[in-house]
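Let's take a friendly walk through a few of the labels one meets in a structure description. Each question asks what earns a label, and each answer goes back to the values.

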Amino acid sequence: MTPQTQPVLVAPADEHNARLVSNVHPLDWKNPTPAPCYNLVVIGAGTAGLVTAAGAAGLGAKVALIEKHLLGGDCLNVGCVPSKAIIRSSRAVFDARNAGCFGVQLAAPPEVDFAAVMERMRKVRADLSPNDSAGRFAKLGVDVFLGEARFAGPDTVHVTGQSLRFKRAVIATGARATQPPIAGLAEAGYLTNETVFNLTRCPARLAVIGGGPIGCELAQAFQRLGSQVVLLHKHAHLLDRENLEAAAIVQSAFIREGVAVRLNARISGVERNGGHKLVRYEAQDKEETIAVDEILAGAGRAPNVESLNMEAVGVQYDPRKGVLVNDCLQTTNPRIYAAGDVCLTWKFTHAADFSARIVIQNALFLGRKKASALTMPWCTYTDPEIAHVGLYEREAHERGVAVDTYVREFKEVDRAVLDGEEHGFVKIHVRKGRDEILGATIVARHAGEMISEISVAMAGRIGLGKLASVIHPYPTQAEALRQCGDAYNRTRLTPTVKKWMGRWLAWQRS
Ligand SMILES: Cc1cc2nc3c(=O)[nH]c(=O)nc-3n(C[C@H](O)[C@H](O)[C@H](O)COP(=O)(O)OP(=O)(O)OC[C@H]3O[C@@H](n4cnc5c(N)ncnc54)[C@H](O)[C@@H]3O)c2cc1C
């Protein structure tokens, strides 16, 4: 056994973070003596690495898992888990502020205890951390090494002075926030997803750079939790990869809630001025300077490819796109695979998970599973949420695929009206002339929960007409999906069918 060198601290130092670290980077961890040769050496213990290691070990492989920072990677420590925890608190604030709409008068306006919100987040993060812990993986039979991995030869990885030999290796080193190229930003200081969850005091004025999923989720959450948020986005509308109407609904919600949305914004510089920071930008041909207490850079991710010495093993990579892989997630070295954010355009935890499952089969069992065969949904957890799966209308047009689109607005869905959640819609694209769902977008408070029904239908080749025959409990918002199915089936009633039905009914009356 070799002692582990670098202790990791997660701020603030409290009992929850101590518990988190004791699970995902135990200070007293001793790296094991390496086995003579591993079936699989996994570099990086985020979702992709953890799923690969656990799955391979469960099937009897001898596996080493190397992590330089915190097991659990971005998702547990600085991504999905902490963000969704504070989003939950921010929804509670929103609901309390809007209780009057439901006839509930609170004795006093709700007050946000930001420190308590963040403490709850740290507690639930620590509560979830045993699942990703070094101890759990050691019990699963995985040799867990804490330290930075680096390829040292065609079948060797080095970590903390030890050499690990492998038959197959997996690069699962993820991605990180990039520094926006803005003059003065680094000198003035800014937050990223790696530091924003360490806050214990709410910034009174917060500039969020980037109106993509991360920027939007956190901008809305901080606005609800008490910051005055200015959201600076360089494109013409927020969440610009999403369906335009969907993004417009979220944008309107932001504006209603008081987020200052600045579109087509070009930030020319940042400077520190006493206790605050000045952000200069141009938007709609107007130059403005705003004073804020904190700046959160929520745009731009870069794959972690630099320090692995991949040149030594013939693994090609692009500093922006990440490790280059084929459809089977094999790199340019056939013995080395990649999974998760480091190689995928889908930067989601569930994508990391399912790419890991592909890698296990292909790397260890001569599989030919393909990433392109995955049905990949995703969700942006704003309020309302935007969830999507499959093709967008514009992609279908670009590919020359003719589609019919079925839309149901939530103002027509009883449960959404009852819930006061009418802003949103379901949009389902079906291949023209065939009952084959090609894609769908849902905008709803719990769109992320609803999209899986469409994913199941797509993965199971269940048509929209068939969804109409599946009984959905009344009243639920998911009925909107069935109602799209009804609309589809109505289009199947051709004039000839209608004519024959009319004749049949007339004959019945005679
Ligand atoms: C704020 C935020 C919110 C998000 N919310 C969601 C969400 O709600 N839903 C969702 O699906 N996705 C979300 N994501 C994305 C999700 O977190 C990532 O897609 C997911 O974590 C990717 O997993 P991964 O294993 O590929 O990489 P990572 O989680 O980044 O793990 C890679 C690991 O490799 C380690 N590593 C790197 N280099 C080395 C090395 N040389 N040696 C050893 N170890 C190394 C790193 O320390 C890290 O622990 C969010 C991301 C952010 C930033």
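Q: In this predicted model, what makes the approach of Lys68 to the ligand a polar contact?
A: A backbone N or O atom of Lys68 lies 3.2 Å from a nitrogen atom of the ligand. The cut-off for a pair of N or O atoms is within 3.5 Å, so this pair is a polar contact.

Q: What makes the pairs of the ligand with Lys347 and His350 polar contacts too?
A: An oxygen atom of the ligand is 3.4 Å from a polar backbone atom of Lys347. For His350, an N or O atom in the side chain is 3.3 Å from an oxygen atom of the ligand. The limit is 3.5 Å, so both pairs qualify.

Q: How do you know how much of the ligand the protein buries?
A: Taken alone, the ligand exposes 1000 Å², and the protein buries 94% of that.

Q: Which elements give two or more residues to the shell around the ligand?
A: They are helix H2 (47–58), strand S4 (63–67), helix H3 (73–78), helix H4 (80–97) and helix H10 (349–364). H3 gives the most, with four residues.

Q: Which of the residues around the ligand come nearest, and what classes make up the shell?
A: Of the 38 residues there, Glu67, Asp74, Lys84, Asp341 and Thr349 come nearest. By class, the shell has 16 nonpolar, 14 polar and eight charged residues.

Q: How do you look for empty space in a model?
A: Rolling a probe the size of a water molecule over the atoms shows where such space is left. Here the count comes to one cavity of 30 Å³ or more. About 30 Å³ of space lies in the largest cavity.

Q: What lines the largest cavity?
A: The lining residues are Ile87, Ser90, Arg91, Glu217, Gln220, Ala221, Arg224, Tyr381, Thr382 and Asp383. H4 and helix H8 (213–225) each give two or more residues to this lining, and H8 has the largest share, four residues. By class there are three nonpolar, three polar and four charged residues.

Q: Why is Asp383 called buried?
A: Asp383 has a relative accessible area of 8%. Buried means under 20%, so Asp383 earns the label. Asp383 is found in the loop between strand S21 (377–380) and strand S22 (385–390).

Q: What makes the pairing of Asp383 and Arg445 a polar contact?
A: Their side chains are joined at 3.0 Å. That value is within 3.5 Å, so the pair meets the distance limit.

Terms used
Residues numbered from 1 in each chain as written. Predicted model: local features only at pLDDT ≥ 70, side-chain atom pairs only at ≥ 80, totals over all residues. Heavy atoms only, no water. Near = heavy atom within 4 Å. Polar contact = N/O pair within 3.5 Å; in protein donor to acceptor, adjacent residues only side chain to side chain. Areas by Shrake-Rupley, 256 points an atom, 1.4 Å probe, with all protein chains shown as cover. Nonpolar A, V, L, I, M, F, W, Y, C, P; charged D, E, K, R; others polar. 1 Å grid on protein atoms, 1.4 Å probe; cavity = no way out; pocket = protein on both sides within 12 Å on 5 of 7 lines; lining within 4 Å. Points joined across faces, edges and corners; volume = space filled by probe spheres on them. Buried < 20%, exposed > 50% of the residue type's maximum accessible area, 1.4 Å probe, protein only.
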